[in-house]
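Biologist: I have a model on my screen and some questions about its cavities, sheets and odd backbone spots. Can you take me through them?

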Amino acid sequence: MPLEPLPKELQAEHIAKALESSAPISILGYGVTTKPIVAFLNALGKACAIYDDTPEGKNVDSSGGGDVENILLDSREFCPESSVLEIVSPGIPPDHKYFACARGAISEYDFIWWLCGDLASLVDSALRDKSLIASRALRLHTSSMRSCTRSQSKDFSSQILESCAEMDKQTSTTPRICEEDKQNAQESSSRADKVGVAIHKSTQVDSKASAESVDCHANASAFARNDRKNAESQNAVSLEKVDSRENAANLKTPQNAGAENVFCSQADRRQDCKNLESTFDTAATLSEQAKDSRIFTQNAQNLSEPQAAGFCDDFLKKLRFVGCQGVGEGIYLGDNEQAHAADSRKSAQKPTPTPSQAESPQIWISGTNGKTTTTQMLELLLSPYGARAGGNIGTPLITLYEQNTPLWVLETSSFALHYTRTATPAIYALLPLSPDHISWHNGFENYVCDKLSPLARMEADSVAILPSDLRDHRLCQGFLGEKIFYTDSSDLRAYLLAQGFEPNALDTLPFFEPFLLDAYVALCCAFALSRKRPSIAAAGFVPALASFTIGAHRVEEFYVCAFGAEWLFVDDSKGTNIDATLKAIARYKDRALFLILGGDDKGADMQEIFTLLAELKRVEIFTIGTNESKLLDLAARHSVKAHKCGTLDRAMEKIWAMIAESSTRLAQDFVCLLSPAAASLDQFSSYKERGQRFKSLARSLAPSTTS
């Protein structure tokens, strides 16, 4: 069975369990997208179990804050029984040998989407029949916590902890520990010594369930230390549990009304809420939830400072209602607390916002080619209004969330879309599709469906810009919002002119195809947002876009001087699929073309490229990479002249040797094009490294070169 992410209706509950559990959150794949998430979770006091196919030589950064220790494990050690939630790195294939058994997988997009909404309120209904622990833990992510800076959170939580310590000194109680709790603490400590795992909630509540899962990661020594700390805190947990029972009994006894007054007086003097909450909650739920009470107390003790800030803020909102329900008479609050409680009652009466109503609208850009360029263009157009690029490029999504970015412009890959079930853009632009990542998606149709999947979640007031050849696809047919279809850039130009853009202004854009299409898609997205937000001035879009510079390795032309002439080289290392290479070939089809092809073609059928090459009169190919034998076979079948080179270095040596032999004949219309129609990872670390190497060789191998 392939790796399947959690459906939307189960995601909130799984996040709830993960946040309130003492177990670490699992991270499947440790890379550029998941590293900042690990740091974010660490800042909340959550440890992470990171599973990676190649953990050797990688370092886990725990500098995000919080008194936690992460652990990096080989993918083979992943155990679904010990994991509550798995955040999936987008590149993990669905048929991954060890991760396909994951039971709580969620994409980066969905995890952060829930954080952008009111996570606690959204899952309260799902958890209303469970203990109060989960919903309290979830409130760590509410807007009240996000509205204060990290330093403010730490200051606030420090005040709370100091106040609680002062109350503990003034409220003396004879220590008494239940024998069963002593035994539980000893058993938990023994397990921590024998097995290196992070303790789960089930370890504290159900020893039988724990015994079934503690064998999963025997070498996780870092989590053993966390386990022992939890076990050692059981004594303090038991003390407060017993005290809570006594206070509950006193509150229910009319003869002990004085105890109630003393207790409320203490709350008034110190304006502290921690013990009050424990007392009233235990009085209401003691007979049914003794275990939950013990776990809740431990959970509260283990909160990091930022968590404590969010926890206390949430409790102040609920204190007045707890007092009325638990005692029958309200607790006296100072002026500030009364105002705070009143504000909370007002906010509680407001409709709960859902993630689709998040204040930071998202624009997603996807497609086979041109995603990065279009995303960067759109970021430029909307940067005066707070837009920042993210996703495949730019700022990590979790950082956009932490910094309250007002407008998200995301380059969205088919991998991320495959695992996303909830997150939704307000505007979605899809560039033309052609076969790519076929082996990953197990077929082109699955690739298309993943690319169109956001349409199924988008609302009626949303906008989608889509290729015309997908007009009849079931997901396009079912889309409820505004659809803007195009075949090429001329269709989008006509649309923009119909919306009031001046033709002379559009003519000033300094782009040729395929970048002109990217520019028009960016303009359409920006204009769609301007209709939703009148404060965004569409009049400035075209002048701003005219200043954009196309990024490197995208049909990047440069000349090298040799043999008394200038020789044109084109770095299109970003051409990692068939469609990109076809467009690059078409641009230079009338010249004497030396084309460098090859790499990791991801299972794509190169037939279409050779059909086009067979039509050209002057073309020779130079093959490199792991698919070289496939390319040579296709060249033979289509009568295309080919040179077997194996590596980029040998290909460039061969090309310069041929230039030296026929410099007079070739100079006038020669072009050497690197457009591999394949990924670079079989021989390079990235397409950027491949492109840089190409440019370096073009210059260094030329005799008497100046450029």
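The questions and answers below go through this predicted model.

Biologist: What is the volume of the largest cavity?

Modeller: Rolling a probe the size of a water molecule over the atoms shows where empty space is left. A search of the whole structure turns up 10 cavities of 30 Å³ or more. For the largest cavity, the volume is about 290 Å³.

Biologist: Which residues are closest to the centre of the largest cavity?

Modeller: The lining of the largest cavity has 23 residues. They divide into 8 nonpolar, 5 polar and 10 charged. The closest to the centre are Asn369, Gly370, Pro514, Phe515 and Ala580.

Biologist: Which element gives the most to the lining of the largest cavity?

Modeller: Three elements give two or more residues each: helix H18 (371-382), helix H26 (515-532) and helix H28 (578-587). With 5 residues, the one that gives the most is H28.

Biologist: Where does the largest cavity lie with respect to the domains?

Modeller: Look at who supplies the lining. Domain 2 (363-547) gives residues, and domain 3 (556-701) does too. The largest cavity therefore lies between domain 2 and domain 3.

Biologist: Pro514 came up at the cavity centre. Which residue does a cis peptide bond join to Pro514?

Modeller: Pro514 is in the loop between helix H25 (503-506) and H26. Most residues other than glycine have a negative phi, and most peptide bonds are trans. Here omega is about 5°, a cis bond, and the partner of Pro514 is Glu513.

Biologist: What is the phi of His553?

Modeller: His553 is in the loop between helix H27 (541-546) and E12. His553 is not a glycine, yet its phi is positive. The value is about 70°.

Biologist: Now the sheets. Which are the edge strands of the sheet with mixed pairing?

Modeller: Strands of a sheet pair through backbone hydrogen bonds, either parallel or antiparallel. This open sheet has 6 strands in the order E12-E13-E17-E14-E15-E16, with mixed pairing. An edge strand pairs on one side only, and the two that do so are strand E12 (556-562) and strand E16 (641-646).

Biologist: Which residue stands opposite Asp571?

Modeller: Strand E13 (565-571) runs parallel to strand E17 (670-674), joined by 4 bridges. Opposite Asp571, in E17, stands Leu674.

Biologist: At what angle does helix H31 run to E15?

Modeller: Helix H31 (648-661) lies across E12, E13, E14, E15, E16 and E17. Helix H33 (687-700) lies across E12, E13, E14 and E17, at about 20° to E12. For H31 and E15, the angle is about 150°.

Biologist: In the parallel sheet, which strands have one side left without a neighbour?

Modeller: The open sheet has 6 strands in the order E7-E8-E6-E9-E10-E11. Those at the edges each have a single partner strand, so one side of each is left without a neighbour in the sheet. They are strand E7 (387-391) and strand E11 (482-486).

Biologist: How many bridges join strand E10 to E11?

Modeller: Strand E10 (463-467) and E11 run parallel. Val463 of E10 stands opposite Glu482 in E11. The number of bridges is 5.

Biologist: How far apart in space are Ala100 and Pro5?

Modeller: Ala100 is in the loop between strand E4 (86-88) and strand E5 (105-107). Leaving aside neighbours within four places in sequence, Ala100 is in contact with Met1, Pro2, Leu3 and Pro94. Ala100 and Pro5 are 95 residues apart in sequence, but C-alpha to C-alpha the separation is 9.9 Å.

Key
Residues numbered from 1 in each chain as written. Predicted model: local features only at pLDDT ≥ 70, side-chain atom pairs only at ≥ 80, totals over all residues. Heavy atoms only, no water. 1 Å grid on protein atoms, 1.4 Å probe; cavity = no way out; pocket = protein on both sides within 12 Å on 5 of 7 lines; lining within 4 Å. Points joined across faces, edges and corners; volume = space filled by probe spheres on them. Nonpolar A, V, L, I, M, F, W, Y, C, P; charged D, E, K, R; others polar. Domains from an automatic or database assignment. Pairing = 2+ DSSP bridges. Contact = heavy atoms within 4.5 Å. Axes fitted to C-alpha atoms, helices over the stretch in contact; angles between N-to-C directions.
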